[in-house]
Amino acid sequence: KAKVVPDGGGEASLVNETDLMQRNPPGARPDNCQLLHLNEACVLANIAERYEQKAIYTWTSRVLVSVNPYEELKIYGERELGSTPGLGLRELPPHVYSVAEAAYRGLLRARTNQAVIVSGESGAGKTYNMAQVIAYLVRRIGGAAGSTDGASHQLTALMVQATPVLEALGNAATVRNHNSSRFGKFVKLVFERGGGRVCALRLQTFLLEKS
């Protein structure tokens with residue numbers, strides 16, 4: 001048996017030594033794969049420690065783990081938008097912009113469709129993160145093209161402005177989320193050959209549940 005005392009205080013307990021997991025040295029890591037000991041407890045502890053530091057994103061290899069802060073953080077500004085394109089793939093920080101940037105580079109390199117999958121429970125922030133992916137891509141393409149014609153500029157502006165309206169459609173209140181979507185959303189961005197301009201956006205919804 002081993003005596004376990006909680007870090008935050010509380011009653012100690014006796015457990016089998018075989019049930020204990022190795023603990024990592026102090027300090028959070030931006031990628032869970034960088035942990036010396038990789039087990040469920042260590043992954044959750046690393047994400048929790050980063051969350052306490054207002055770092056809501058953590059890599060697990062090329063999968064981005066996001067935890068809803070339930071407050072507005074200033075991590076989606078022009079500074080992040082401008083710095084991300086200049087980084088190498090291995091340098092991209094854990095951020096939703098990095099996922100969008102990797103997809104954009106894959107589009108240019110492979111000349112084939114790219115997919116960004118956003119999943120999670122109610123209130124996890126799926127709709128918000130998807131909106132950030134779209135916002136990043138339309139701004140990234142505008143910067144890559146140098147200049148856009150009037151029609152293209154108007155289309156990209158409409159995409160960003162329409163996001164709050166799309167979020168409001170088909171939503172309802174749940175215990176965890178006052179604005180939970182009743183629908184799954186499939187968003188398709190169509191690019192001009194060469195990736196220099198957005199030609200179209202298609203939004204398709206799938207009813208997930210009804211009462």
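**Cysteines, salt bridges and backbone features**

Cys33 is partly exposed, its relative accessible area coming to 45%. This briefing concerns a predicted model, and it takes up the cysteines, the charged side-chain contacts, a β-hairpin and two residues with positive phi. The count of disulfides comes to zero, while the count of salt bridges comes to five.

**Cysteines**
- Cys199, with a relative accessible area of 41%, is partly exposed, and Cys33 at 45% is likewise placed in the partly exposed class.
- In general, a disulfide is a covalent bond that joins the sulfur atoms of two cysteines. In this model the number of disulfides is zero.

**Salt bridge between Arg23 and Asp7**
- Among the five salt bridges is the one formed by Arg23 with Asp7, in which the closest N and O atoms lie 3.1 Å apart.
- This pair connects distant parts of the chain, since Arg23 belongs to the loop between β2 (13–15) and α1 (40–52), whereas Asp7 belongs to the loop between β1 (2–4) and β2, the two being 16 residues apart.
- Arg23 counts as exposed at 63% relative accessibility, and Asp7 is also exposed, with a relative accessible area of 66%, so both values are over the 50% that marks an exposed residue.

**Salt bridge between Glu71 and Lys54**
- The side chains of Glu71 and Lys54 come together in a salt bridge with an N to O distance of 2.7 Å.
- Here too the pair links distant parts of the chain, with Glu71 in the loop between β4 (63–66) and α2 (78–83) and Lys54 in the loop between α1 and β3 (57–60), 17 residues apart.
- Glu71 is partly exposed at 42% relative accessibility, and Lys54 is partly exposed with a relative accessible area of 45%.

**Charged network at helices α3 and α4**
- Glu101 and Arg140 meet through their side chains in a salt bridge, the N to O distance being 2.7 Å.
- The contact joins distant parts of the chain, because Glu101 sits in helix α3 (residues 96–110) and Arg140 in helix α4 (residues 126–145), 39 residues apart.
- Glu101 is buried, with a relative accessible area of 0%, and Arg140 is buried as well, with a relative accessible area of 17%, a value that falls under the 20% limit for that class.
- Glu101 and Arg140 are joined by Arg105 in a network of salt bridges.

**Hairpin of β3 and β4**
- Strands β3 and β4 pair in the antiparallel sense, with four bridges between them, and Trp59 stands opposite Leu64 in β4.
- The two strands form a hairpin with two residues between them, and the turn contains Ser61, whose phi is positive at about 60 degrees.
- Ser61, which is found in the loop between β3 and β4, is partly exposed at 39% relative accessibility.

**Positive phi outside glycine**
- As a general rule, most residues other than glycine have a negative phi.
- Ser61 has a phi near 60 degrees, a positive value in a residue that is not glycine.
- Tyr70, which is not a glycine either, has a positive phi of about 55 degrees, and its place is the loop between β4 and α2.
- Tyr70 is exposed, with a relative accessible area of 57%, whereas Ser61 at 39% counts as partly exposed.
- The loop between β4 and α2 thus holds Tyr70 and also Glu71, the partner of Lys54 described above.

How values were computed. Residues are numbered from 1 along each chain as its sequence is written. This is a predicted model: local features need pLDDT of at least 70, side-chain atom pairs count only at pLDDT 80 or more; totals for chains, interfaces and linings use all residues. Side-chain values use heavy atoms; hydrogens and water are left out. A disulfide is a pair of cysteine sulfur atoms within 2.5 Å. Buried means under 20% relative accessible area, exposed over 50%, partly exposed in between (1.4 Å probe, protein chains only). A salt bridge is a side-chain nitrogen of Lys or Arg within 4 Å of a carboxyl oxygen of Asp or Glu. Two strands pair if DSSP finds at least two bridges between them.
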